[in-house]
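Student: I should like to understand how the words used for a protein structure are justified. May we go through some of them together?

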Amino acid sequence: MPEIKVTPLGAGQDVGRSCILVSIGGKNIMLDCGMHMGYNDDRRFPDFSYITQNGRLTDFLDCLIISHFHLDHCGALPYMSEMVGYDGPIYMTHPTKAICPILLEDFRKITVDKKGETNFFTSQMIKDCMKKVIPLNLHQTVQVDDELEIKAYYAGHVLGAAMVHIKVGSESVVYTGDYNMTPDRHLGAAWIDKCRPDILISESTYATTIRDSKRCRERDFLKKVHESIERGGKVLIPVFALGRAQELCILLETFWERMNLKAPIYFSTGLTEKANHYYKLFITWTNQKIRKTFVQRNMFEFKHIKAFDRSYADNPGPMVVFATPGMLHAGQSLQIFKKWAGNEKNMVIMPGYCVQGTIGHKILNGQRKLEMEGRATLDVKLQVEYMSFSAHADAKGIMQLIRMAEPRNMLLVHGEAVKMEFLKGKIEQEFSIDCYMPANGETTTVTTNPSVPVDISLNLLKREMALGGPLPDPKKPRTMHGTLIMKENVSFMLVSSEQALKELGLNEHQLRFTCHVQLQDPHSDADTLHRIYTHLKSVLKGYTIQHLPDGTVIVESIVIKVSSSAEDSNTKVLLLSWSYQVKTWTLFLEGLPMQSKPGSSPNHLVIESLF
Amino acid sequence: EMEDAEFEDILDDWFIESLKTYKDLHVYQLEHPTQVLEWTSGNSVCVAGYSQSKNEILELRLPLKLLADENKSLCAERDFKVSHGGFTDGPVRCLTHIPGTRCAVTNDGLSSDLQVWDLGGEESDVIRRTGSIKGKRSASERGSRIAARPSSAPQVLHGAQISDVQLTELASGETLYKLETDSADPLSSLQFVSDTVFLAGCCNGSVYVADTRTSAPPQLSHSPSSAESVIWWTDAAAGPHPSSRRVIRVSSSGQAVVSDLRNLGGAGCQAQLDVQTPGRCSQVKVSWAPTLDDCISVSGFSGVVQIYNTRLWGAEPQEARPLFEHRGHAVSSQQTDDSVPTFVTSHIWHPERPRTLLSAASDGSVHVWDWVDPNRQGGSPTP
């Protein structure tokens, strides 16, 4: 039976490293190649030994697809491509291609420079890896090869995030990556058409969550900022150039306007340039509101938000500053942090995850004394706030997505099967589809039922219709006989046997079986035959029985002849002959049945008894 | 288009106001609305659907950020976790957790039979039906009220009308006690005020107090009003001191009467509550605050939960102004059907955190909120 195999790679049940292997229609595809941010050793990489024990992965994979730029989805990419070895195509959307290398380089710098690791990918490896990338546009079908095609769909979540549709022949899989079903201030909601994939693959972690509204998260942000400003404190918000920064700026601008606040808000210039540049490039990836704003004016032209100058950090009084980089690991945000950390009136708001080794990570773990360069210690007295603004789907969102795509099967990765029984039951009940939950390293095999389109010859169709009976119906299939001809590995044609033989230039042969049955009957041959004829006619009503002038009785297609035995004229020999199509027959003679076994050869007749 | 922008504006105003009026605020949207909110532990609640056929029972764990006291600022986790879930064949109108167990009992509001559930443990996330308890009535307009015995082996007190009230032992199904009375008044509340003493509030406003240890007839306190079409709901404060054991009764016309448990008919205090649509309500919930003296909460008249300080009430019924109003459900519900405005279906207080409540509404929203006492605004933020 045709089947699709799905294996999430990696050790343990942990969430945090996405890398899924899919085998479909003879093709092998890797979905995402993430790094597990919680481990320092090899456990942070996916377990590629599942594919091959040693050697390059190129021969084993037809392509690799990256869903978005978060490190738990692309962090292991340079390692896999340049250190393990893979030279095949790597697909990702344009924004992902632009942003990935920046994050990977930042990540590399932190890991090697701050943490002193040696066996890690280099800057050159990141560059070499990105050369293998083929960018994707939304809703555009891309032929990876003659048989494999992929298509990207909008996933929301972060700029450039995509859900991916993979098709080989009539089998298909959709992988969601990270997505969200409710639009936020700068991104739209995920969308996919009713593509009816054989399998829809999604994360299970969000399936058991009910998310707090984005308004409440925003409220918390505004409350914290306002409280700090009111007591004369300074607020530092380290951000990556895109996405959240803009959203938070819009939020603060609206709030400042509403409350008539006077404290200055700044963003570092590096931020503006990068952000504007990216948004110009990827305007189609943001939502309607942003697009409208951008058309009217510059992204960062706010009434209350101004460009930052280094010297402002020393100004007295309250202020808010957006500065890069996002994890406080270097640059302007770190400089400002060092100046403001000693005052308990001040605040730093971390709007996202921080990689191990960064100052951001340390303070989010409660560290209040930091070791800086030259053995200097920094006392962290300011308030540290961790806020998560990332847009993820939840339990309700997953159900909505399933309703949109109408998959035949559901597969959830990164969950503990025992803890997901309820969700599995819910999906199975509501949609009447199977829900699979493989553990990392475990393969799930899903049997598919691909339909193979076949053309039927007009003659054959007419002939079948002439037989009468109900019209063929998807719910009530009808058996028919024909010959399937496959031309050039591509087209299928169903024709009548005669036409097939003609096309092949063969003569038709018929198989007939014969057997002899002995009877004792004193009558003449002709009389015996006639008696058999009348007897059969009375016993087998509803069957076509003919008595032909050439001395044969025909029951449907079974031919009966009578002749006398050479030795004894009272012994009659019945010759029975039937064609291959006749499965079973039962001979009624004097009310006693004589049967053939279905499919039996003429030598193995079972004759129950002779009168 | 205009309506959307207008709607967004109203929301913004309320949210901005909320910066000062709430310490914490969380807003969630369930797939299906719930009429029940029941604590199953200090940090988890049960909710359940009430549509005609199949529904879900969910056990939700409260967000870590809400409960974290020391490291609140370093915790970004604001979401509910669905820790356990199960399916029911009918609506769930009443859900009671049996203290000290992983067991819950429900009633569908159509008969007085009860369903018994295992909420699941570490090994599985499935809530399973383990049995049922037969009630007296196969058909009932409002269904049964249920109360779990606070201590002792798992036992439930239940009944659809006052004459049906019985105490059933869960393990054996045995009836340990029956309330001896002929009255057929339907019940609107049933609760234990001590391990053996319980209070049964009838829809007509009369209240019975009885002890499960004796077969003596219950004490009866008549309804504060003889008006026929008025429905009453009751709650008793189960305080540690007998003196703090008070009972409040609220009517569908917004009348509120407080009396002492030991002297229900005696002089207490009263008020006319400031409810939006008196008369149009079916799901009224009235509750004493577990740790704030004299405070009560009321919901079900509209999309608002109101908190009153009964200490300000006098012997004569006067109009009372609420101390605090949670308008979140009314303000943030998106109305598709204007004929049925969103109303709050249930609310509960956190047993320990003084001003933390959970409320649920007919549009499927569930809010968790920690309100600021308006009289203490500007003071230090200690509970």
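**Reasoning from values to terms**

Tutor: Let us begin with B:Glu59, which counts as buried at 2% relative accessibility. Please keep in mind that this is a predicted model.

Student: Why is B:Glu59 called buried?

Tutor: Buried means under 20% relative accessible area. B:Glu59 has 2%, so the term applies.

Student: What makes B:Glu59 and B:Arg102 a salt bridge?

Tutor: The rule asks for a side-chain nitrogen of Lys or Arg within 4 Å of a carboxyl oxygen of Asp or Glu. The side chains of B:Arg102 and B:Glu59 meet at 2.7 Å, N to O, and therefore satisfy the rule. B:Arg102 lies in the loop between strand E6 (94-98) and strand E7 (103-107) of chain B, and B:Glu59 in strand E4 (residues 55-61), so the pair ties together parts that are 43 residues apart in sequence.

Student: Which term fits B:Arg102, with its 30% relative accessibility?

Tutor: Partly exposed lies between under 20% and over 50%. B:Arg102, at 30%, is therefore partly exposed.

Student: How do you know that A:Lys132 and A:Glu82 form a salt bridge?

Tutor: Their closest N and O atoms are 2.7 Å apart, and the limit is 4 Å. A:Lys132 lies in the loop between helix H4 (123-130) and strand E6 (133-136) of chain A, whereas A:Glu82 is in helix H2 (residues 77-85), so the pair ties together parts that are 50 residues apart in sequence.

Student: Why do A:Lys132 and A:Glu82 receive their accessibility terms?

Tutor: A:Lys132 has 18%, which is under 20%, so A:Lys132 counts as buried. A:Glu82 has 24%, which is not under 20% and not over 50%, so A:Glu82 is partly exposed.

Student: What makes A:Lys369 exposed?

Tutor: Exposed means over 50%. A:Lys369 has a relative accessible area of 53%, so the term holds. A:Lys369 forms a salt bridge with A:Asp379, the closest N and O atoms being 2.9 Å apart. A:Asp379 counts as partly exposed, at 35% relative accessibility.

Student: How many salt bridges are there over all chains?

Tutor: By this rule the count is 41.

Student: Finally, why is B:Thr234 called buried?

Tutor: The relative accessible area of B:Thr234 is 5%, and the cut-off is under 20%, so B:Thr234 is buried. B:Thr234 is placed in strand E18 (residues 232-236) of chain B. Not counting residues up to four places away in sequence, B:Thr234 touches residues including B:Ser188, B:Leu199, B:Val247 and B:Val286.

Conventions. Residues numbered from 1 in each chain as written. Chains lettered and ligands numbered in written order. Predicted model: local features only at pLDDT ≥ 70, side-chain atom pairs only at ≥ 80, totals over all residues. Heavy atoms only, no water. Helix = DSSP H or I, 4+ residues; strand = E, 2+ residues; numbered from the N terminus. Buried < 20%, exposed > 50% of the residue type's maximum accessible area, 1.4 Å probe, protein only. Contact = heavy atoms within 4.5 Å.
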